[in-house]
Amino acid sequence: SIVVKFLMGQILNAVSYLHDNRVFHGDIKLENIMLYKTNKNRGRRFTKLNNELNSSFKLQKEIENLQKSKNNNLRSSKALVEDMTNYEVKLIDFGCSKFLQKKKPNKLTGIVGTSIYCSPEVIDDLYDERSDEWSCGVLMYILLCGEPPFQGETEEEIFANVKKGYIES
């Protein structure tokens, strides 16, 4: 989907910026991605999310409708992408973030993040900044398919499916 490409491009740019500045986010998930509407008349000033909730909700509904529609026409996708250029993606919630050492490889410990987004290395409690990239892949899967790739009734079941690479279809 064109919209997912647009969103993931911005998310991956944000993650790349963090890693270039030696910051590991540790909790990349859909709930930690915000859309901020830019005000073109005053440069790139960001408005508060609460003020933009209705338009963000409308945009999210349009994205969902596009994904559900079997006969997407290219014109409506282009219109949506043009509308999306008025929005910027922001990563929030740095509660699990860690500073990385200058030397490589960085080996981090302590399970962080949300179970469905965790990489096998996080589950094994020895990981590095590439675990953020795994979480981005899970996020993209959810945006494209509407559900997480690794599922289970309990956190332990989800972790087992992640480690096995078992994706429910």
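User: How many disulfides does the structure hold?
Analyst: The structure shown here is a predicted model, and its cysteines include Cys136, which is buried at 2% relative accessibility, and Cys145, which is partly exposed with a relative accessible area of 47%. A disulfide is a covalent bond between the sulfur atoms of two cysteines. To be counted, a pair of cysteine sulfur atoms must lie within 2.5 Å, and the number of disulfides that the structure holds is 0.

User: Which pattern of helices and strands does the protein follow along the sequence?
Analyst: The protein contains 6 helices and 5 strands, and one of the helices is H1, which covers residues 2-20. Read along the sequence, with α for a helix and β for a strand, the pattern is α-β-β-β-α-α-β-β-α-α-α.

User: Is Asp27, which forms a salt bridge with Lys29, buried or exposed?
Analyst: In this salt bridge between Lys29 and Asp27, the closest N and O atoms are 3.7 Å apart. Lys29 has a relative accessible area of 16% and is therefore buried. For Asp27 the relative accessible area is 7%, and because buried means under 20%, Asp27 is likewise classed as buried.

User: How many residues apart in sequence are Asp124 and Lys163?
Analyst: Asp124 forms a salt bridge with Lys163, and their closest N and O atoms are 2.4 Å apart. This pair links distant parts of the chain, since Asp124 lies in the loop between helix H4 (120-123) and H5 whereas Lys163 belongs to helix H6, and the separation between the two is 39 residues.

User: Which residue counts as exposed in the salt bridge between Asp128 and Arg130?
Analyst: The closest N and O atoms of Asp128 and Arg130 are 2.8 Å apart. Asp128 has a relative accessible area of 8%, so Asp128 is buried. With 52% relative accessibility, which is over the 50% needed to count as exposed, the residue asked for is Arg130.

User: What is the distance in space between Gly9 and Val89, C-alpha to C-alpha?
Analyst: Gly9 is found in helix H1 and is partly exposed, with a relative accessible area of 31%. Although Gly9 and Val89 are 80 residues apart in sequence, their C-alpha to C-alpha distance in space is 9.5 Å.

User: Which residues gather with Glu147 in a patch of negative charge on the surface?
Analyst: Glu147 sits in the loop between helix H5 (130-145) and helix H6 (155-164), and at 37% relative accessibility Glu147 counts as partly exposed. The residues that gather with Glu147 in this negative surface patch are Glu153, Glu157 and Glu168.

Key
Residues are numbered from 1 along each chain as its sequence is written. This is a predicted model: local features need pLDDT of at least 70, side-chain atom pairs count only at pLDDT 80 or more; totals for chains, interfaces and linings use all residues. Side-chain values use heavy atoms; hydrogens and water are left out. Patches are made of residues with over 30% relative accessible area and no salt bridge: like charges are joined within 9 Å, nonpolar side chains (Val, Leu, Ile, Met, Phe, Trp, Tyr) within 5 Å. Accessible areas come from the Shrake-Rupley method with a 1.4 Å probe; for residues, only the protein chains shown count as cover. A salt bridge is a side-chain nitrogen of Lys or Arg within 4 Å of a carboxyl oxygen of Asp or Glu. Lys and Arg count as positive and Asp and Glu as negative; His and the chain ends are not counted. The place of a charge is taken as NZ of Lys, CZ of Arg, CG of Asp or CD of Glu. Helices (H or I, at least four residues) and strands (E, at least two) are DSSP runs, numbered from the N terminus. Buried means under 20% relative accessible area, exposed over 50%, partly exposed in between (1.4 Å probe, protein chains only).
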